[in-house]
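Please look over the sequence and the model shown below before reading on. The report that follows moves from a single residue to the sheet, then to a helix, and finally to the chain as a whole.

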Amino acid sequence: MSIREAISRLVPKGKLLLWLAAIAVSLMLAAGTVYSWTHAGSRHLPVAEVGTTVASYAEAEAAVTPHLPRDQVVPRLSTGVLVNSLQFVNAHNIKATGHVWQHVPADFPSDIELGVQLLEAEDPHCPKKVFEYPLGEWRVIVWSFSTIIRQQFNYEDYPLDHQDIWLRMRPVDMIHQVQLVPSFESFPPWDAHALNGLDPGLVFGDWEPDYTVWSLNHQDYSMLAHPGLANTDELYFNVGVSRGLLGPMLGRIVPVLLLAVLMFLSLFVITTDPDRRPISGFTAFAIITFSVSTVLVVAVNDNAARSEIGASGISYIEYWYFTLYVMTLLVALNATMLLHGAFGKAISWRDNLLPKILFWPLFTGIMFAATVGYLGL
């Protein structure tokens with residue numbers, strides 16, 4: 001007997017075609033979801049989220065000139081950064097350590113205080129001077145810092161999210177006007193993907209570095225009449241990072257898929273045959289118990305994900321949980337209708353075949369729609 005004949009005996013031809021169609025649709029939708037995942041990273045360009053990105057002194061000068069007074073000369077202070085470590089303490093706090101240095105020309109005004117403030121740090125004045133040395137006609141002064149930086153990150157795409165971590169800097173001197181500009185002379189010609197300004201041994205944990213860029217941003221404070229406070233642009237050193245998918249895949253997505261498989265298998269326990277119901281345990285109480293247990297497991301995972309990312313809105317991963325809520329409700333509704341005889345012919349057709357056929361196309365279809373909505377194709 002051939003394999004084809006054996007399959008034909010076990011599964012009627014019409015039923016087999018329905019299963020093959022459901023499998024084909026589900027696989028195409030799942031492939032579209034995975035395709036969107038794999039291309040999400042390549043669409044994240046090295047562009048800072050705040051301010052105007054600059055890669056040379058000419059670009060920096062073009063960015064700051066419109067915001068500076070025309071009737072006086074505002075000195076530029078070349079500032080460089082080397083980040084030694086970055087660690088996510090929680091969803092919105094970053095522990096950062098590293099060094100900041102400034103190239104001070106010989107003719108730099110002596111009444112201007114040197115140094116930088118890290119505006120979003122626990123202590124903006126945390127950089128401590130460690131040493132200085134002469135470099136040709138310049139004097140190089142180096143500070144070190146170790147601090148917690150508070151930022152508002154966007155976790156809508158979690159666990160496929162990209163974040164832009166930045167050091168927001170202003171001059172220490174709040175009396176005299178001085179403009180911080182990137183110290184491009186300290187680095188090779190700036191390439192965002194070369195990761196200049198990062199310690200080569202820096203450990204990111206579950207994150208991968210994408211780029212480093214400088215940006216300048218003008219802030220309008222409420223004390224514009226006070227010299228030096230808001231008349232110069234703030235300097236940002238930006239580090240773009242992407243979340244590694246392995247950890248969230250094992251911790252968030254695999255459990256969802258396992259729950260979906262168990263839910264699908266429960267449809268084969270549901271039967272229209274009264275003689276098989278005592279064997280399968282198909283009772284109203286069993287349906288309610290299974291549904292409640294599933295909802296509790298999904299809710300625990302959903303709350304854990306929200307606590308991890310501290311999200312106030314809805315993130316991409318939650319659509320996986322919402323889909324499980326919907327599928328749990330539909331499975332319970334299907335079983336209830338079988339017990340009470342509602343929509344008898346449609347539901348009981350070929351021993352509850354229609355819900356089984358539609359389960360995976362519906363599940364993968366919802367996930368594909370959510371993925372395209374959040375990540376695009």
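Does T232 count as buried or exposed, judged by its relative accessibility? This is a predicted model, and in it T232 has a relative accessibility of 3%, which lies under the 20% cut-off, so the residue counts as buried.

**Residues one by one**

T232 belongs to the loop between β9 and β10. When its neighbours within four places in sequence are left aside, T232 is in contact with L68, V74, R170, V178, Q179 and H218. With V178 there is also a polar link, since the side chain of T232 reaches the backbone oxygen of V178 at 3.5 Å.

S242 sits in strand β10, which covers residues 234-243, and its side chain makes a polar contact of 2.6 Å with the side chain of H162. Apart from neighbours within four places in sequence, the residues in contact with S242 are D161, H162, D206, W207, E208 and D210.

V213 is part of strand β9. Its C-alpha atom is separated by 9.9 Å from that of P182, although the two residues are 31 residues apart along the chain.

The table sets out the relative accessibility of these residues, together with that of L195, which lies in the loop between β8 and β9.

| Residue | Relative accessibility | Counts as |
|---|---|---|
| T232 | 3% | buried |
| V213 | 4% | buried |
| S242 | 11% | buried |
| L195 | 24% | partly exposed |

L195 also has a backbone feature to look for, because its phi angle is near 60 degrees, a positive value in a residue other than glycine. Another backbone feature is found at P159, in the loop between β6 and β7, where the peptide bond from Y158 to P159 is cis, with omega near 10 degrees.

**The sheet**

Which strands form the open sheet, and in what order? There are 5 strands in it, arranged in the order β5-β6-β3-β2-β8, and their pairing is mixed. At the edges stand β5 (128-135) and β8, and because each of them has a single partner strand, one side of each is left without a neighbour in the sheet. On average, neighbouring strands of this sheet are turned by 30 degrees against each other when direction is ignored.

The mixed pairing can be followed from strand to strand. At one edge, β5 runs antiparallel to β6 (residues 138-150), and 7 bridges join the two; here K128 stands opposite S144 in β6. Further along the order, β2 (residues 76-88) is joined by 10 bridges to β3 (residues 93-105), again in an antiparallel arrangement, and the bridge partner of S78 in β3 is H103. These two strands, β2 and β3, form a hairpin with 4 residues between them. By contrast, β2 and β8 (residues 179-182) run parallel and are joined by 4 bridges, with R76 standing opposite Q179 in β8.

As background to such a sheet, the side chains in a regular strand alternate between the two faces of the sheet.

**The helix on the sheet**

The buried residues of helix α3 are A60, A63 and V64. Seen down the axis of α3, these buried residues fall within an arc of 85 degrees, so they line one face of the helix. A general rule helps in picturing this: an α-helix has 3.6 residues a turn, so residues three or four places apart point the same way.

What covers the buried residues of α3 includes β1 (52-54), β2, β8 and β9 (207-217). On the face of α3 turned away from its buried side are the exposed residues A58 and A62.

**The chain as a whole**

How many helices and strands does the chain have? It has 9 helices and 10 strands. Of the 377 residues in the chain, 44% are buried. Among the contacts in the chain with a separation of 6 or more, 74% are accounted for by residues 24 or more positions apart. The accessible surface of the chain comes to about 19,200 Å², and 64% of this surface belongs to carbon and sulfur atoms.

How values were computed:
Residues numbered from 1 in each chain as written. Predicted model: local features only at pLDDT ≥ 70, side-chain atom pairs only at ≥ 80, totals over all residues. Heavy atoms only, no water. Pairing = 2+ DSSP bridges. Axes fitted to C-alpha atoms, helices over the stretch in contact; angles between N-to-C directions. Buried < 20%, exposed > 50% of the residue type's maximum accessible area, 1.4 Å probe, protein only. Polar contact = N/O pair within 3.5 Å; in protein donor to acceptor, adjacent residues only side chain to side chain. Contact = heavy atoms within 4.5 Å. Arc of directions from axis to C-beta. Areas by Shrake-Rupley, 256 points an atom, 1.4 Å probe, with all protein chains shown as cover.
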